[in-house]
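Q: I am new to this structure and would be grateful for a close look at a single part of it. Please describe its setting with care.

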Amino acid sequence: MPAESLSPANSPDHWDIIEGQGSLFHPAYAGVTLGLLHGSQPDALVLCHDPTRKAINGFPHIPIVAPKEALAPYLSAHA
């Protein structure tokens with residue numbers, strides 16, 4: 001069952017953990033990530049970051065966005 005069907009329908013005291021492997025800044029996965037943000041209607045977000053990576057895997061010309069700079073776009077996209 002898709003996340004957008006499960007998450008909003010649950011009671012307020014119930015938590016669903018919805019994992020995403022992409023990023024709003026990843027050219028191949030941004031659409032999937034945005035869909036999860038909209039569909040699951042999260043009350044909380046956990047952003048993960050590998051500090052040793054300098055660029056997105058498979059896209060060496062696209063630098064990793066630091067968590068401090070990524071937070072505002074994520075909060076804006078899920079609103």
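A: **Glycine 22 and its surroundings**

Glycine 22 has a relative accessibility of 30% and therefore counts as partly exposed, since that class lies between the buried limit of under 20% and the exposed limit of over 50%. The model in which this residue is examined is a predicted one.

Glycine 22 is placed in the loop that runs between helix 1 (3–6) and helix 2 (30–40). When neighbours within four places in sequence are set aside, its contacts are Tyr29, Thr33 and Tyr74. Thr33 belongs to helix 2 and is buried there, as are Leu37, Gly39 and Ser40. Leucine 34 is 12 residues from glycine 22 along the chain, and the C-alpha atoms of the two are separated by 9.3 Å. Just after helix 2, glutamine 41 adopts a positive phi of about 50°.

A further element to consider is helix 3, which spans residues 67–78 and includes leucine 75. Leucine 75 counts as partly exposed because its relative accessibility is 42%. Together with Leu45, Leu47 and Leu71, Leu75 forms a nonpolar surface patch with about 290 Å² of accessible area.

As for the wider setting, the protein contains 3 helices and 2 strands, arranged along the sequence in the pattern α-α-β-β-α. Of its 79 residues, 18% are buried. Among contacts between residues at least 6 apart in sequence, 53% join residues at least 24 apart. The protein exposes about 5900 Å², of which carbon and sulfur atoms supply 59%.

Technical notes
Residues are numbered from 1 along each chain as its sequence is written. This is a predicted model: local features need pLDDT of at least 70, side-chain atom pairs count only at pLDDT 80 or more; totals for chains, interfaces and linings use all residues. Side-chain values use heavy atoms; hydrogens and water are left out. Helices (H or I, at least four residues) and strands (E, at least two) are DSSP runs, numbered from the N terminus. Buried means under 20% relative accessible area, exposed over 50%, partly exposed in between (1.4 Å probe, protein chains only). Contact means heavy atoms within 4.5 Å. Patches are made of residues with over 30% relative accessible area and no salt bridge: like charges are joined within 9 Å, nonpolar side chains (Val, Leu, Ile, Met, Phe, Trp, Tyr) within 5 Å. Accessible areas come from the Shrake-Rupley method with a 1.4 Å probe; for residues, only the protein chains shown count as cover. A salt bridge is a side-chain nitrogen of Lys or Arg within 4 Å of a carboxyl oxygen of Asp or Glu.
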